[in-house]
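Here's a quick briefing to read alongside the model. Take a look at the sequence and the structure, then work through the points below.

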Amino acid sequence: PAVRPYLGLGWGVIYHKTYRTTADEGGWRQGIYLATGANAAIGGAGLIGVDFRYMIEQDTRSTNPTFPNPDASGHVTSLKLSYSHVF
């Protein structure tokens with residue numbers, strides 16, 4: 001089966017909100033992300049894939065007493081395995 005790798009870069013905005021704390025807050029933050037992975041056909045009707053994403057979220061400082069954060073930025077990573085089959 002042919003393996004099809006991919007690579008993606010992007011920028012976006014993320015809405016972040018805390019609530020039901022003594023100092024509720026919400027606002028928009030910007031983020032930059034990298035996505036990479038590959039898909040491969042299995043037989044005539046199947047597809048298997050893997051996807052890895054890494055995002056840097058900016059302006060993450062918070063003085064919220066429940067979720068304090070002194071850092072100027074944070075990061076999020078994810079790994080996803082997928083399988084699809086058409087009947």
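A contact here means that heavy atoms come within 4.5 Å. Counting contacts with a separation of 6 or more, 49% of those in the chain link residues 24 or more positions apart. Keep in mind that this is a predicted model.

**The chain as a whole**

- How many helices and strands does the chain have? There are 0 helices and 4 strands, and along the sequence they follow the pattern β-β-β-β.
- The chain has a radius of gyration of 18 Å, while a compact globule of 87 residues would come out near 12 Å.
- Along the principal axes, the C-alpha atoms fill a box of roughly 55 × 25 × 15 Å.
- Of the 87 residues, 18% are buried.
- The accessible surface adds up to about 6,600 Å², and carbon and sulfur atoms account for 61% of that.
- On the charge side, you'll find 7 positive and 6 negative side chains, with the centres of the two sets 9 Å apart.

**The loop between strand 1 and strand 2**

- Arg20 and Thr21 are both worth a look here: Arg20 sits in the loop between strand 1 and strand 2, and Thr21 is in the loop between strand 1 (3-18) and strand 2 (25-42).
- Is Arg20 buried or exposed? Arg20 counts as exposed because its relative accessible area is 77%, and the cut-off for exposed is over 50%.
- Thr21 has a relative accessible area of 16%, so it is buried; the limit for that label is under 20%.
- Arg20 has a phi near 60°, which is a positive value in a residue other than glycine. Most residues other than glycine have a negative phi.
- Which residues does Thr21 touch, leaving out those up to four places away in sequence? They are Asn64, Thr66 and Phe67.
- Closer to home in the sequence, a polar atom of the Thr21 side chain lies 3.2 Å from the backbone nitrogen of Ala23.

**The loop between strand 3 and strand 4**

- Asp59 is in the loop between strand 3 and strand 4, and its phi is near 60°, again a positive value in a residue other than glycine.
- Asp59 is exposed because its relative accessible area reaches 54%.
- Thr60 is in the loop between strand 3 (46-58) and strand 4 too. Thr60 has a relative accessible area of 5%, so it counts as buried.
- What does Thr60 touch, not counting residues up to four places away in sequence? The list is Arg29, Asn69, Asp71, Ala72, Ser73 and Gly74.
- The Thr60 side chain has a polar atom 2.9 Å from the backbone oxygen of Asp71, and the side chain also reaches the backbone nitrogen of Ser73 at 3.4 Å.
- Asn69 belongs to the loop between strand 3 and strand 4 as well. Asn69 has a relative accessible area of 23%, so it is partly exposed.
- Setting aside residues up to four places away in sequence, Asn69 touches Thr60, Arg61 and Ser62.
- A polar atom of the Asn69 side chain lies 3.1 Å from the backbone oxygen of Thr60.
- Now for a long reach: Asn69 and Asn39 are 30 residues apart in sequence and 37 Å apart in space, C-alpha to C-alpha.

**Strand 4 and what follows**

- Where is Tyr83? Tyr83 lies in strand 4, which covers residues 73-85.
- Tyr83 is exposed because its relative accessible area is 52%.
- Even so, Tyr83 touches Ile42, Leu47 and Ile48, not counting residues up to four places away in sequence.
- The side chains of Tyr83 and His85 are joined by a polar contact of 3.5 Å.
- From C-alpha to C-alpha, Tyr83 and Leu7 are 19 Å apart in space, with their positions 76 residues apart in sequence.
- Val86 comes in the segment after strand 4. Val86 counts as exposed because its relative accessibility is 61%.
- Val86 and Leu47 are 39 residues apart in sequence, and their C-alpha atoms are 8.9 Å apart in space.

Key
Residues numbered from 1 in each chain as written. Predicted model: local features only at pLDDT ≥ 70, side-chain atom pairs only at ≥ 80, totals over all residues. Heavy atoms only, no water. Helix = DSSP H or I, 4+ residues; strand = E, 2+ residues; numbered from the N terminus. Buried < 20%, exposed > 50% of the residue type's maximum accessible area, 1.4 Å probe, protein only. Polar contact = N/O pair within 3.5 Å; in protein donor to acceptor, adjacent residues only side chain to side chain. Rg over C-alpha atoms; globule rule 2.2 N^0.38 Å. Areas by Shrake-Rupley, 256 points an atom, 1.4 Å probe, with all protein chains shown as cover. Lys, Arg positive; Asp, Glu negative; His and termini not counted. Charge placed at Lys NZ, Arg CZ, Asp CG, Glu CD.
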